[in-house]
Amino acid sequence: MGAACLILTSLVIVLGQTIRHHRNAERQLYAAGADMSRRLATASDHIILASLTRLELLSHSDMLREENLAGFSDELRKAQGNIGNWFLLFDRNGRVFINTLRPFGDPSIPSLKTENPEVRNAVEAIIERKHAKIDRLRHAPLAGIEAVLTTQPLATGNGTRLGLLEAIPQSAFISRLPDIQLPSGWLGATMDDWGSIVASKRGSEMAEVGTAQLRDILNATTDQRDGHLVLKRTAFRIQELVFQRSEVTHWISFVIVDRYHPSAIIAALTLGLVLIGMALLYFIDFSLIKLRRNLTTPLGTLQAALHHSLHRQRSSEEDLRAFWSHSADGLFIAARRPEGAVIEMANKALLRMVQPEGIKIQHLSLDTMDAAHAAFLHTCLSKIPPPGDTIQFRHVIGSRAPKLSYDVHLTTVVGHHLQDGTKIFGTVRDVTEAARIRRYLRKIGSLLLSAQDAERRRIARDLHDSTAQIFSGADMFLSRICSADADSAQRLQDARELIAQGQQEIRTLSYLLHPPLLDELGIIAALEWHINRLRRQTGTSIRLISYGDFAAAELPSDCELALFRVSQEALSNAIRHAACTEIRVTLELEGNHVVLTVEDNGRGISTPSREVTSSDQLVEFGVGVYGMSERLRHLDGELLIFPAEPRGTCVRAILPLPLIKPAV
């Protein structure tokens, strides 16, 4: 019995709350309808006011006062927007001077039909009226569309009275409506003084509203600025109209709201509440018993899951704490503050990196470290990447050995789960030893290249001075005994030819190992000899172009040798791999730099312009190209490879020459 009274009391309370809620919803509905109708009126007013403003400005045109109709036509065309409007300029006799739908001066522009009394009176009223007129054009023959027109009387410099008409297509008013979102089941429209729809939202549904109903709406809203009225009422539904009259055009903007009848809603809700109460009374005992029986099992499962989650959280925190404490890399977390980024946490590895020698610090403080490490941390905090990005860079402390090198990775993370919203996570790795080993390996590579060039020079000299002379002596001895019998003479002649061939091959090998012209006459002569030899062997067209006085510049021998080896390898690659027919070799002096360019017209490469700098590019470019890059890098030079225009490949070597002597 007590449960029944409780449910009955609850039903009465719910019903009262429902009625109160429905009344509030009805007031909100009227307010929303008034707001929608006001927005519909504002959309039309915006277009009409813009048109009136244009006409007012055009009425004061200097071109019109000077009766320069061609110039005034240009001004009218410039005043046309992108809404499809157009202008007509006419006199009281209906003669049209300007129609922006046609070129100025077109003799086929039709005049207004002033023989129609209604048209003649309208034209006379427009020209004599001292203010702009807003009217409805039922059908615009010039455009073939429904339009709204605004007019303005004008006067030229000599007092001639004219009329200016701007026709605005109905589509311009409709285009302003997509921004207005009506609730489902609502219809919205703007209606002129004659009961015609200027623009409507959901036009296909609005077309079902008949002309008679629109006329009734027009009559019912006469002399009223705003309000609402009932259009149709049935047992279950009610159709209401909420309207707003524009103070600019006096048009009616309205919203038709189709909703359920309040009495039907209250009756249906009451019946539903009664049925729900009866069902609750029937199942309440059974539900309570079942709930009591099954409540203990989920609580036990929830408690076990919570315990497991807490255990995993503690384990993850311990793992993270161990990683933070025992990481060999320096780790820190910084926060973005108004005065700048501030390091909030740092692990032991970072403290060991930046602490002064012999002093152990427990907390990171820029005041307790030397100026170099303090500047290093300032640099890290000044290079904060944008949110979500990661940057990396290398920082070197010290200008002379021993230098300290650090690789730094910075990541900015933004999230609501963070306490301050934005955090900067940094990793600092001490790569001093790796950098020292890399410099040592580079020095060894330089020594190996120097030893290789010296060995080539020695072998070339030995081949030229010793082995070639031995062949020459053998050839002289054979020439003395060639006067024997004919058979022996022929064999000796064959032997002499073989010896001459061996001499030529040894001489060529000696020049390739180390061309003596490089030491005797310089880089230009050595390149000319090498290019001439390749031209004879391959038939490829190869040109050498030089800019600058290389003889007066006196390039260092190691620079000349590096340029010769780079050109040797680049020419070999172009002939073997590029399938080219022409190669151009350019050598030029540019200030304190010498630039070697080898360009072919072969098949080219697909990669963009880039510098060959690391051993990781061995797979992409090959050992030969990497060898060229290393040879130049030992002299602080650089090697660039990029596609040539219009086709082919361009290899460019740039060497700095700080000790170069200027040409006289």
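How far apart should the ends of helix 15 be, at 1.5 Å a residue? Keep that in mind while we walk through this predicted model.

**The whole view**

Start zoomed out. The protein has 664 residues, and 37% of them are buried. Colour by secondary structure and you'll be looking at 19 helices and 21 strands. As for how the chain meets itself, take the contacts between residues at least 6 apart in sequence: 55% of these join residues at least 24 apart.

**Stop 1: helix 15**

Select residues 523-538, which make up helix 15. Now for the opening question: with 16 residues at 1.5 Å each step, the helix should span 22 Å, and its end C-alpha atoms are indeed 22 Å apart, so the two figures agree.

Next, show the side chains that are tucked away. The buried residues of this helix are Ile523, Ala525, Ala526, Leu527, Trp529, His530, Ile531, Arg533 and Leu534. As you click along, remember that an α-helix has 3.6 residues a turn, so residues three or four places apart point the same way.

Step just past the end of helix 15 and pick Gly539, where phi is positive, at about 75 degrees.

**Stop 2: the partner, helix 17**

Add residues 557-577 to your selection; this is helix 17. From its first C-alpha to its last, helix 17 reaches 30 Å over 21 residues, close to the 30 Å expected at 1.5 Å a residue.

How do helix 15 and helix 17 lie, roughly parallel to each other or not? Their axes come within 10 Å and cross at roughly 15 degrees. An angle under 35 degrees counts as roughly parallel, so that is what helix 15 and helix 17 are. Their crossing is right-handed.

Which residues make the contact? Show these as sticks:

- From helix 15: Ile523, Ala526, Leu527, His530, Ile531, Leu534 and Thr538.
- From helix 17: Glu560, Leu563, Phe564, Ser567, Gln568, Leu571 and Ile575.

Sorted by class, this contact has 9 nonpolar, 4 polar and 1 charged residues. Several of the helix 15 names should ring a bell: Ile523, Leu527 and Leu534 are among its buried residues.

**Stop 3: just past helix 17**

Now pick Ala579, in the loop between helix 17 and strand 17 (582-590). Its phi is near 50 degrees, a positive value in a residue other than glycine. Most residues other than glycine have a negative phi, and most peptide bonds are trans. Is Ala579 buried or exposed? Its relative accessibility is 55%, and exposed means over 50%, so Ala579 counts as exposed.

**Stop 4: Glu67**

Jump to Glu67, which sits in the loop between helix 2 (62-65) and helix 3 (69-79). Here too phi is positive, near 60 degrees, and the residue is not a glycine. With a relative accessible area of 39%, Glu67 is partly exposed.

**Stop 5: Ile238**

Go to strand 9 (residues 237-245) and select Ile238. Its relative accessibility is 4%, so Ile238 counts as buried. Add Val257 and draw a distance between the two C-alpha atoms: they are 19 residues apart along the chain and separated by 8.3 Å.

**Last stop: a cis bond**

Finish at Pro646, in the loop between strand 20 (638-643) and strand 21 (649-656). Which way does the peptide bond from Glu645 to Pro646 go, cis or trans? Check omega: it is near 0 degrees, and the bond is cis.

Conventions. Residues are numbered from 1 along each chain as its sequence is written. This is a predicted model: local features need pLDDT of at least 70, side-chain atom pairs count only at pLDDT 80 or more; totals for chains, interfaces and linings use all residues. Side-chain values use heavy atoms; hydrogens and water are left out. Helices (H or I, at least four residues) and strands (E, at least two) are DSSP runs, numbered from the N terminus. The expected span of a helix is 1.5 Å times one less than its number of residues. Buried means under 20% relative accessible area, exposed over 50%, partly exposed in between (1.4 Å probe, protein chains only). Axes are lines fitted to C-alpha atoms, for helices over the stretch in contact, and angles run from 0 to 180 degrees between N-to-C directions. Angles under 35 degrees count as roughly parallel, over 145 as roughly antiparallel, 65 to 115 as roughly perpendicular and the rest as oblique. A crossing is left-handed if the near helix is turned anticlockwise from the far one by less than a right angle, and right-handed if clockwise. Contact means heavy atoms within 4.5 Å. Ala, Val, Leu, Ile, Met, Phe, Trp, Tyr, Cys and Pro count as nonpolar, Asp, Glu, Lys and Arg as charged, and the others, Gly among them, as polar.
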